[in-house]
Amino acid sequence: MKRMIVAPSMLSANFANLAKDIEVVNANADIFHLDIMDGVFVPNISYGTPLIKTICSNAKIPVEAHLMIVEPQKFFEEYNKLGVGSICVHYEACTHLDRTINRIKELGMKAGVAINPHTSVKLLENIIRISDYILIMSVNPGFGGQKYIPYSTEKISELKKLIEFNNPNCLIEVDGGVGLNNIEEIAMAGADIVVAGNAVFSSANPAETIKKLQGVI
Ligand code: DX5
Ligand code: ZN
């Protein structure tokens, strides 16, 4: 298997002992994945600035914010100041996506577009040209610990072809229900980055699980 970039989702971390989980991620993973939910775009509320600040100030690897919120542009400057290195917004939440992606990049951050399971990758043909990465949701967003939707794999392969044609520098991230049982299939289909919450933090040895997902052990 090729070396995968692994981004543990801190939604599944133990908030009563966050320092320990931050340390495991710093020492083994590639990116911190922060899931921001507003109870409007998705049927759940997660966390906001205080926790983002805590993680950013302790992070030794890049921090990514996955914004599952309406009007995400309201938070770009604040998150940038906190030290967030990349921001991913939902295709379904942005009426002026081209402007939104350009604004993230203007601030010096990497910009990603996330799509819900029902959204076709075909719709990304144009925005791929200016995006640093596309995030394919392989569960319906809102909660950690859900089951991987099987047709997501076809979407990854289809997206890979579109990317090769339109912007080979654009990376593919897959988020939701990723674990040791399906990492091979996801990697083979063309993913570069995988998010894993439950698979990492509910495992007996999170450090080892991260390494296995990366394909280094
Ligand atoms: C879901 C989030 C995911 C999720 C991943 O809305 O975007 O990042 O927390 O968790 P697992 O890996 O447990 O599906
Ligand atoms: Zn996420």
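User: Which strand gives the most to the shell around ligand 1?

Analyst: In this predicted model, strand 2 gives the most to that shell, with three residues. Strand 2 spans 32-37, and together with strand 3 (63-68) and strand 8 (193-196) it belongs to the strands that each supply at least two residues of the shell.

User: What makes a residue part of the surroundings of ligand 1?

Analyst: A residue is counted if one of its heavy atoms lies within 4 Å of the ligand. There are 20 residues around ligand 1, and the closest are Asp 35, Gly 142, Gly 145, Asp 175 and Gly 197. By class, the shell holds eight nonpolar, 10 polar and two charged residues.

User: How do you know that Asp 175 makes a polar contact with ligand 1?

Analyst: The cut-off for a pair of N or O atoms is 3.5 Å, and an oxygen atom of ligand 1 is 2.7 Å from an N or O atom in the side chain of Asp 175, so the pair counts as a polar contact. With Gly 145 it is a polar backbone atom that lies 2.7 Å from an oxygen atom of the ligand, and with Asn 198 a polar backbone atom lies 2.9 Å from a ligand oxygen. The protein covers 99% of the 380 Å² of accessible area that ligand 1 has on its own, and the space taken by the ligand is the largest pocket.

User: Why is the pair of Arg 3 and Asp 30 called a salt bridge?

Analyst: The rule asks for a side-chain nitrogen of Lys or Arg within 4 Å of a carboxyl oxygen of Asp or Glu; the N to O distance here is 3.0 Å, so the pair qualifies. Because Arg 3 lies in the segment before strand 1 (5-8) and Asp 30 in the loop between helix 1 (18-28) and strand 2, the pair ties together parts that are 27 residues apart in sequence.

Notes:
Residues are numbered from 1 along each chain as its sequence is written. Chains are lettered from A and ligands numbered from 1 in the order in which they are written. This is a predicted model: local features need pLDDT of at least 70, side-chain atom pairs count only at pLDDT 80 or more; totals for chains, interfaces and linings use all residues. Side-chain values use heavy atoms; hydrogens and water are left out. A polar contact is a pair of N or O atoms within 3.5 Å; within protein, one must be able to donate a hydrogen and the other to accept it, and residues adjacent in sequence count only if both atoms are side-chain atoms. Accessible areas come from the Shrake-Rupley method with a 1.4 Å probe; for residues, only the protein chains shown count as cover. On a 1 Å grid over the protein atoms alone, a cavity is a set of points where a 1.4 Å probe fits but cannot get out, and a pocket is an open set with protein on both sides within 12 Å along at least five of seven lines; lining residues have an atom within 4 Å of a point. A molecule sits in a cavity or pocket if more than half of its atoms lie within 2 Å of its grid points. Helices (H or I, at least four residues) and strands (E, at least two) are DSSP runs, numbered from the N terminus. Ala, Val, Leu, Ile, Met, Phe, Trp, Tyr, Cys and Pro count as nonpolar, Asp, Glu, Lys and Arg as charged, and the others, Gly among them, as polar.
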